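Hi,

Here is the structure I promised to pass on to you. Have a look at it first, and then read on at your leisure.

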Amino acid sequence: MFGLINKGIEDMVCEQFGEGTWEEIKDTANIDIVSFISMDSYPDEVTHKLITATSEILNISEAAVLEAFGYHWVSFVAAEGYDELMNITGDNLAEFLQNLDNLHGRVGLCFPNLHLVFNVLTYRRNS
């Protein structure tokens with residue numbers, strides 16, 4: 001997992017609960033990394049431990065942690081300088097989803113070891 005993901009988790013926790021809570025989460029997860037580097041790759045286990053510890057410390061489900069992270073992620077990556085990529089991806093949700101694979105391709109240029117996720121959209125008419 002790229003450090004940008006872990007930095008996003010840190011940012012979400014610190015913004016909403018303070019740095020003391022973040023340090024408690026890292027202690028619970030047994031993570032001794034002082035600062036995550038956005039472009040560095042970390043074992044997926046680090047991210048999983050952070051999610052599990054966040055769930056335990058905040059007393060919410062891991063699904064709730066991930067949902068909160070999803071909401072936070074959009075503003076976080078925009079603040080990290082990826083807002084232009086998001087802006088050119090579409091003017092509405094349908095366009096954004098249609099262009100998501102293109103966005104992943106552009107991000108992949110910045111992250112050479114990125115394992116890209118590709119999407120398939122299916123249109124259904126309301127009956």
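Below is what I found in it, going from the overall fold down to single residues.

**The overall picture**

Please keep in mind that this is a predicted model. The protein has 127 residues, and 29% of them count as buried. Its secondary structure consists of 6 helices and 0 strands, so you can expect the pattern α-α-α-α-α-α as you read along the sequence. Among contacts with a separation of 6 or more, 57% join residues that are 24 or more positions apart.

**The core**

A good place to start is the largest nonpolar core, which holds 15 residues. Which of its members touch the most other members? They are Trp22, Ile25, Ile31, Phe36 and Leu50. Four helices each supply at least two residues of this core: α1 (3–17), α2 (19–29), α3 (44–58) and α4 (62–87). With 4 residues, α3 gives the most. As general background, nonpolar side chains in soluble globular proteins tend to be buried together.

Trp22 is worth a closer look. Leaving out residues up to four places away in sequence, Trp22 touches Asn6, Ile9, Glu10, Val13, Cys14, Phe36 and Leu50. Two of these partners, Phe36 and Leu50, also appeared in the list of core members with the most contacts to other members.

**How α1 meets α2**

Next, turn to the first two helices. The axes of α1 and α2 come within 7 Å and cross at roughly 135 degrees. That angle makes α1 oblique to α2. On the α1 side, the residues in the contact are Asn6, Ile9, Glu10, Val13, Cys14 and Phe17; on the α2 side they are Glu19, Thr21, Trp22 and Ile25. Sorted by class, this contact has 6 nonpolar, 2 polar and 2 charged residues.

Thr21, one of the α2 residues in that contact, is buried, with a relative accessible area of 16%. Apart from residues up to four places away in sequence, Thr21 touches Val13, Ile57 and Leu58.

**Gly3, in α1**

Gly3 is found in helix α1. Is Gly3 buried or exposed? Its relative accessible area is 0%, so Gly3 counts as buried. Setting aside residues up to four places away in sequence, Gly3 touches Phe36, Ile37, Ser38, Asp40 and Tyr42. Gly3 and Pro43 are 40 residues apart in sequence, and their C-alpha atoms are 9.7 Å apart in space.

**Two buried residues in α3**

Thr54 and its neighbour Ser55 deserve a moment together. Thr54 is found in helix α3, and Ser55 has its place in helix α3 too. Thr54 is buried, at 0% relative accessibility, and Ser55 is buried with a relative accessible area of 12%.

Their side chains both reach backbone atoms. The side chain of Thr54 reaches the backbone oxygen of Leu50 at 2.6 Å, while the side chain of Ser55 reaches the backbone nitrogen of Glu62 at 3.5 Å.

Which residues do they contact, once neighbours within four places in sequence are left aside? For Thr54 they are Ile9, Val13, Ile25, Asn59 and Val65. For Ser55 they are Ile60, Ser61, Glu62 and Val65. Thr54 and Val13 are 41 residues apart along the chain, yet their C-alpha atoms are separated by 8.2 Å.

**Two asparagines in loops**

Finally, here are two backbone details. Most residues other than glycine have a negative phi. Asn30 has a positive phi of about 60 degrees although it is not a glycine, and Asn59 likewise has a positive phi of about 60 degrees without being a glycine.

Where do they lie in the chain? Asn30 is in the loop between α2 and α3, and Asn59 is in the loop between α3 and α4. Asn30 is exposed, with a relative accessible area of 64%. Asn59 is exposed as well, with a relative accessible area of 69%. Asn59 is also among the contacts of the buried Thr54.

I hope this helps you find your way around. Happy exploring!

Best wishes

Conventions
Residues numbered from 1 in each chain as written. Predicted model: local features only at pLDDT ≥ 70, side-chain atom pairs only at ≥ 80, totals over all residues. Heavy atoms only, no water. Core = buried A, V, L, I, M, F, W, Y, C linked by side-chain atoms within 4.5 Å. Buried < 20%, exposed > 50% of the residue type's maximum accessible area, 1.4 Å probe, protein only. Contact = heavy atoms within 4.5 Å. Polar contact = N/O pair within 3.5 Å; in protein donor to acceptor, adjacent residues only side chain to side chain. Axes fitted to C-alpha atoms, helices over the stretch in contact; angles between N-to-C directions. Parallel < 35°, antiparallel > 145°, perpendicular 65-115°, else oblique. Nonpolar A, V, L, I, M, F, W, Y, C, P; charged D, E, K, R; others polar.
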